[in-house]
Amino acid sequence: MKRTGNSKIAVVGWGRGMGHKGHMYLADAVIVTAQSMKADPYFFVSKTVGKDDPLMPEEKIKIYQSVFPQQATIFTAQGNLNQSLEQLAQLKYDGVVLVVGADQKEAFKYLERPNKEGVPVYQSFGLKKLKVISRQETRSQYAREEGPRATPMREILMHPNASEEQKYQVWRRDMPEQLGDREVLDIMNKAESRLVHDNKPKAVKVKQMSQKATKLKEAIINFRVNKAQERRWEIDNAISTLKRAEEIRKDSSLMRDVKKSVMELQKSIVGGN
């Protein structure tokens, strides 16, 4: 990390931001606050990449730099906020103003609270002071603007019935106007590709379960068919036997021979006893 100026105070923005308009509002708040305080601006983009962060850090940074070309050097990728604050202390900054979204302000207040030793967490990083504020408290022209949410942008890409046009409409609406249509489409396609890849194990599992269910259904059908065929053979065999018995009953000569044979069999059995 390199210094962005010569002040003793750093104004910092932090986020996993995919680079939609809301994230640009946050970056603007950092820049405006730093200018009003004559402080040095920094905007740290998380290196996290996954189902909630489908864009690579360098791709996100490129978006910020396209919107804020004159402040391009303030955008860097960092592992986590605590390490970033430690590095700022090592760069001889005395204090930090951390700018976050209103819905995240309370979560980052842990930095101002005492740790187990009773010392404010930020002091354990080597800083003398730190304050957490929301972008809505700044003088940014977008302070009252409600930014889009990243969740719907991800969800539309995973929706099985969403058309390409519907996906693009959401992303074009929520991404900065400074980006061209082709740029937005390219970013969207990269995000979609990674989201699909990350969810592939789940999709494969569902597919395997579906295939297993299909095979089981086929096995049940085949079993029932075989049982039905076996039963049909038994019925046909019984009918054939009954027909043959009726034919024998109607043949008087054959019936005499049968009765004679039965009587002889009985005599042989009795004689055997």
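Me: What handedness does the β-α-β unit made by β1, α1 and β2 have?

Reply: Right-handed. A crossover gets that name if, with the strands pointing away from you, the path from the first strand over the helix to the second runs clockwise. The names themselves come from DSSP runs, numbered from the N terminus: helices are H or I runs of at least four residues, strands are E runs of at least two. By the way, this is a predicted model, where local features need pLDDT of at least 70 and side-chain atom pairs count only at pLDDT 80 or more, while totals for chains, interfaces and linings use all residues. Residues are numbered from 1 along each chain as its sequence is written, and side-chain values use heavy atoms, with hydrogens and water left out.

Me: How many helices and strands does the protein have by that rule?

Reply: Ten helices and five strands. The five strands form an open sheet in the order β3-β2-β1-β4-β5, paired in parallel.

Me: What makes β3 and β5 stand at the edges?

Reply: β3 (75-78) and β5 (129-134) each have a single partner strand, so one side of each has no neighbour in the sheet. From one strand to the next, the twist averages 30°; the angles here lie between N-to-C directions, run from 0 to 180 degrees, and use axes that are lines fitted to C-alpha atoms, for helices over the stretch in contact.

Me: How do you know that β1 and β2 are paired, and over how many bridges?

Reply: Two strands pair if DSSP finds at least two bridges between them. β1 and β2 run parallel and are joined by six bridges, so they pass that cut-off. With β4, β1 pairs in the parallel sense over five bridges. Ala10 shows both links: it stands opposite Asp40 in β2 and opposite Val96 in β4. Further along, β2 (residues 40-46) pairs with β3 over four bridges, again in the parallel sense, and there Val45 has Ala77 as its bridge partner.

Me: What makes β1 count as mostly covered?

Reply: Seven of its seven residues are buried, and buried means under 20% relative accessible area (exposed is over 50%, partly exposed in between, using a 1.4 Å probe and protein chains only). Side chains in a regular strand alternate between the two faces of the sheet. In β1, Ile9, Val11, Gly13 and Gly15 point one way, Ala10, Val12 and Trp14 the other, and all are buried.

Me: How do you know whether Asp174 is buried or exposed?

Reply: Asp174 has a relative accessible area of 5%, and that is under the 20% cut-off, so it counts as buried. Asp174 lies in helix α7. Not counting residues up to four places away in sequence, Asp174 touches His20, Lys21, Pro148 and Met153, where a contact means heavy atoms within 4.5 Å.

Me: And Lys38, buried or exposed?

Reply: Exposed: its relative accessible area is 70%, and the cut-off is over 50%. Lys38 sits in the loop between α1 and β2 and has a positive phi of about 55° although it is not a glycine. Lys92 has a positive phi too, about 75°, and is not a glycine either. Its place is the loop between α3 (81-90) and β4, and with a relative accessible area of 58% Lys92 is exposed.

Me: Which residues touch the most other members in the largest nonpolar core?

Reply: Phe43, Phe75, Val99, Trp171 and Met175, out of 38 residues. The set is called a nonpolar core because its members are buried Ala, Val, Leu, Ile, Met, Phe, Trp, Tyr and Cys residues joined through side-chain atoms within 4.5 Å. Helix α1 gives the largest share, seven residues. A second, separate core has 21 residues, including Val12, Val96, Tyr122 and Leu130.

Me: What is Trp171 in contact with, leaving aside its neighbours within four places in sequence?

Reply: Its contacts include Met18, Leu157 and Met188. Met188 lies in helix α8 and is buried, with a relative accessible area of 0%. Its C-alpha atom and that of Leu55 are separated by 9.1 Å, though the two are 133 residues apart along the chain.
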